[in-house]
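Pull up the model and keep the sequence alongside it. We'll wander through a few individual residues, then the packing inside, and finish at the ligand.

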Amino acid sequence: MMIFWCLIMNYSGFKIFWEGLTGNKGWKKAWREPNPKKEYDVIIIGGGGHGLSTAYYLSNRFNVNNVAVLEKGWLGSGNIGRNTTIIRSNYLLPENQPFYELSLKLWENLENDTNYNSMVSQRGVLNLFHSDGQRDAFVRRGNAMILSGADANLLNENELKKMCPYLDYQNARFPIKGALLQKRGGTVRHDAVAWGYARGADVKGVDIIQNCEVEGFIIKNGKCVGVETNKGIIKAKKIASCVAGSSSKLMSKAGIRLPIESHVLQAFVSEGLKPVLDNVITFGAGHFYVSQSDKGGLVFGGDIDGYNSYAQRGNLPVVEDVCEGGMAIMPMIGRARLLRMWGGIMDMSMDGSPFIDKTHINGLYFNGGWCYGGFKATPASGYCYAHLLAKDEPHPVARDFKLDRFIKGKIIDEKGQGAQPNLH
Ligand SMILES: Cc1cc2nc3c(=O)[nH]c(=O)nc-3n(C[C@H](O)[C@H](O)[C@H](O)COP(=O)(O)OP(=O)(O)OC[C@H]3O[C@@H](n4cnc5c(N)ncnc54)[C@H](O)[C@@H]3O)c2cc1C
């Protein structure tokens, strides 16, 4: 009986062994390829991380199963498959911290939840500080994190040296004085997150429809009742936009202007190296962060390209700028060769914080404005968006992510940099 169960189960160790012996002919597709129905209870536009997690939690937690996810390309073609995979909840503001902490807790149980190996690796995230003032700011941030149930440790220079002996403590342009450590932060295999959520939603009956681009909205008497797509008209009681970098373009088709700009962010991977870096490190005096993938590549990134664009590729000056950031704290990186790089489109909001909200059009909902921090938010974003769609009420940890917060003066400016999307 046990052997039979292992054989029909997807992805058990025994199943992998058995398939290896029998020519890998017994694998089923991880999700179906259905044609769209005429009508659904909920349509989610965008099969990225946030759209798929919304579908997963709607069907698995809120019992809303008559759902379609419409994706214009293939799953993972957007930022969910392009990001640098870092997760953390080291936020300061009370509007953000509980949301990201919920996300980290959902990450911690994700593989159990979806029965999918997403390679959640809580290897620790280190934010370096370089001056007394910056240390004080990190003390404040760490205290805010601890007060809302997250973990935070302040490391002095000697403690940091033990963990990361390869950083430049001697001759650095910005001397490294210590770091704020969140041990529970780390990395997750990003495309496996999309696949795990997709499979878990499909099992519950969610239709995942790839190569299906939404081209317009059908709005009657102030209510959104469906979408026009390249596969025809599809109706729904609720339509949920979740298209990250394409948010402004899509919502303009419903006549909605968003407080969001689209910018390119690049990621870089070096050739494979022996293990040298067992955590995530972020530079405190410039924009650079780095971790090492399980294949050995150093995965790193920095600033956005600095101009509005919908191109999923970046410019060379930013390559130079990011590599300089790396050299400033970790000169050994100069010995590694850059293997590949790519770009993704960021939905940069004016205060650097996201939106999970209803729009003024009845039946039309919006999720976006994740800037370059939306990967870590994937589970909580999906959970809270599903909560909003199922109950028509915001989840308590996402109640401030409102579209009208700029009108009301309730901005959530985590970095204190004002209305400058290129700085958030
Ligand atoms: C280089 C880079 C590094 C990053 N690093 C990190 C990091 O380390 N940590 C972190 O937390 N965040 C990071 N991010 C940000 C994070 O990846 C994004 O904020 C997040 O993935 C956005 O949500 P998503 O996964 O739903 O987006 P996407 O995967 O982009 O999903 C949106 C989907 O909508 C689809 N779509 C668009 N228009 C339509 C339409 N009209 N009809 C149908 N479908 C449509 C797109 O094809 C796409 O698949 C990074 C991003 C990039 C590009």
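Let's begin with Asp392, which is partly exposed because its relative accessible area is 30%, and buried would need a value under 20%. In this predicted model, Asp392 sits in the segment after α11. Its backbone deserves a look as well: Asp392 has a positive phi of about 60 degrees, even though it isn't a glycine. As background, most residues other than glycine have a negative phi.

Cys371 is another non-glycine residue with a positive phi, about 55 degrees in its case. You'll find Cys371 in the loop that runs between β18 (364-368) and α11. Is Cys371 buried or exposed? It counts as buried, because its relative accessibility is 8% and the cut-off for that label is under 20%.

Now move to the strands. Gly302 belongs to strand β15, which covers residues 297-308. With a relative accessible area of just 1%, Gly302 is buried. Which residues does it touch, once you set aside those up to four places away in sequence? The list is Leu265, His287, Phe288, Tyr289 and Val322. Gly302 also pairs up in an interesting way with Ala267: 35 residues separate the two in sequence, while their C-alpha atoms are 7.8 Å apart in space.

Two of those names come back at Thr282, in strand β13 (residues 280-282). Leaving out residues up to four places away in sequence, Thr282 touches Phe288 and Tyr289, along with Leu126, Asn127 and Leu128. Thr282 has a relative accessible area of 18%, so it still falls under the 20% limit and is classed as buried.

Next, go to helix α5 (residues 110-114), where Thr114 is located. Thr114 is buried, at 7% relative accessible area. Its contacts, again not counting residues up to four places away in sequence, are Tyr56, Gly196, Tyr197 and Arg199. Follow the chain into the loop between α5 and β4 (125-129) and you reach Ser121. Skipping residues up to four places away in sequence, Ser121 touches Gly185, Gly186 and Thr187. For a sense of scale, try Ser121 against Cys323: they are 202 residues apart in sequence and 25 Å apart in space, C-alpha to C-alpha.

Time to look at the packing. In soluble globular proteins, nonpolar side chains tend to be buried together. Here, the largest nonpolar core has 50 residues, and Ile44, Phe99 and Ile356 touch the most other members. Elements that give two or more residues to this core are β1 (39-45), α3, β2 (67-70), α4 (97-108), α8 (190-203) and α11 (378-391). Helix α11 supplies the largest share, 7 residues.

Phe99 is a good place to see this up close. Apart from its neighbours within four places in sequence, Phe99 is in contact with Ile356, Trp370, Ala377, Ala380, Ser381, Cys384, Val397, Ala398 and Phe401. There is also a second, separate core of 26 residues, and its members include Ala68, Phe217, Val243 and Phe366.

Last stop: the ligand. Which of the 38 residues around it come nearest? They are Glu71, Asn79, Ile80, Thr84 and Lys376. The surrounding shell is a mix, with 18 nonpolar, 15 polar and 5 charged residues. Among the elements, α3 (49-60), β12 (260-272) and β16 (338-349) each supply at least two residues of this shell, and β12 gives the most, with 3.

Three polar pairs are easy to pick out. A polar side-chain atom of Thr84 is 2.8 Å from a nitrogen atom of the ligand. A polar backbone atom of Gly49 lies 2.9 Å from a ligand oxygen atom. Finally, a backbone N or O atom of Phe375 is 3.0 Å from a nitrogen atom of the ligand. On its own, the ligand has 1,000 Å² of accessible area, and the protein covers 96% of that.

Definitions and conventions. Residues numbered from 1 in each chain as written. Predicted model: local features only at pLDDT ≥ 70, side-chain atom pairs only at ≥ 80, totals over all residues. Heavy atoms only, no water. Near = heavy atom within 4 Å. Polar contact = N/O pair within 3.5 Å; in protein donor to acceptor, adjacent residues only side chain to side chain. Areas by Shrake-Rupley, 256 points an atom, 1.4 Å probe, with all protein chains shown as cover. Helix = DSSP H or I, 4+ residues; strand = E, 2+ residues; numbered from the N terminus. Nonpolar A, V, L, I, M, F, W, Y, C, P; charged D, E, K, R; others polar. Core = buried A, V, L, I, M, F, W, Y, C linked by side-chain atoms within 4.5 Å. Buried < 20%, exposed > 50% of the residue type's maximum accessible area, 1.4 Å probe, protein only. Contact = heavy atoms within 4.5 Å.
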